[in-house]
Amino acid sequence: MIVFKFRQFIHRSFHNPKLLFWFFIGINLIPSICLFFTEPFSITGKLVLLLFPLGLYLLFFSLSKDTGLIQLVLFPLLFLHAFQLVLFYLFGEAVIAVDMFLNLATTNASEAGELLDNI
């Protein structure tokens, strides 16, 4: 019975455009929220770190009624967010650096597996 009610809730939630709008904005704000707690900024810097991306996401997701389409257009950004969350997990703090992208582009699969085995 509980599983059935949960499925109904999920089904209703993902067919409600207003909830999807805020869900996608929340998903895209996760790296900014993590940086809010890990970076040694002043309170003004931390507010900018949250409010600037929030404003951009509100603008982008307001461009179309189809929020799923906008999320698909922003998929490269979602990939960068995932990469940032992996860095949080591995190193605890800091933003993505250029040398991380260079390492990602120039490392083959065996080197990456070797690095992950040593972690």
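Me: Which helix gives the most residues to the nonpolar patch?

Reply: In this predicted model, helix α1 gives the most to the nonpolar patch, with four residues. The patch covers about 680 Å² and is made by F6, F9, I10, F14, F23, I27, I30 and L85. Two elements give two or more residues to the patch, namely α1 (2-14) and α2 (17-38).

Me: What is the overall pattern of helices and strands in the protein chain?

Reply: One reads the elements in order along the sequence. Here the pattern is α-α-α-α-α-α-α, with seven helices and zero strands.

Me: How much of the protein chain counts as buried, and how much surface does the chain expose?

Reply: Of its 119 residues, 22% count as buried. The chain exposes about 9,000 Å², and carbon and sulfur atoms supply 74% of this area.

Me: Is F23, a member of the patch, buried or exposed?

Reply: A residue counts as buried under 20% relative accessible area and as exposed over 50%, with partly exposed in between. F23 is found in helix α2. F23 has a relative accessibility of 37%, so this residue counts as partly exposed.

Me: Which residues of α2 are buried, and which helices do they pack against?

Reply: The general idea comes from the helical turn. An α-helix has 3.6 residues a turn, so residues three or four places apart point the same way. In α2, the buried residues are L20, F21, F24, I25, N28, L29, P31, S32, L35 and F36. They pack against α1, α3 (43-61), α4 (67-73) and α5 (75-91).

Me: Where does α2 have a kink, and what is the reach of this helix?

Reply: A kink is read as a bend between the parts of a helix on either side of a residue. In α2, a kink of about 40° lies at I30, shortly before the proline P31. The helix has 22 residues and reaches 33 Å from its first C-alpha to its last, close to the 32 Å expected at 1.5 Å a residue.

Me: What does F60 touch, leaving aside residues up to four places away in sequence?

Reply: F60 lies in helix α3 and touches I70 and L74 when those sequence neighbours are not counted. The C-alpha atoms of F60 and I70 are separated by 7.2 Å, and the two residues are ten residues apart along the chain. With a relative accessible area of 33%, F60 is partly exposed.

Me: What share of the contacts in the protein chain joins residues 24 or more positions apart?

Reply: Among contacts with a separation of 6 or more, residues 24 or more positions apart account for 52%.

Key. Residues numbered from 1 in each chain as written. Predicted model: local features only at pLDDT ≥ 70, side-chain atom pairs only at ≥ 80, totals over all residues. Heavy atoms only, no water. Buried < 20%, exposed > 50% of the residue type's maximum accessible area, 1.4 Å probe, protein only. Contact = heavy atoms within 4.5 Å. Areas by Shrake-Rupley, 256 points an atom, 1.4 Å probe, with all protein chains shown as cover. Patch = residues over 30% accessible without salt bridge, like charges linked within 9 Å, V, L, I, M, F, W, Y side chains within 5 Å. Salt bridge = Lys/Arg side-chain N within 4 Å of Asp/Glu carboxyl O. Expected span 1.5 Å × (residues − 1). Bend = angle between axes of the 7 residues up to and from the residue.
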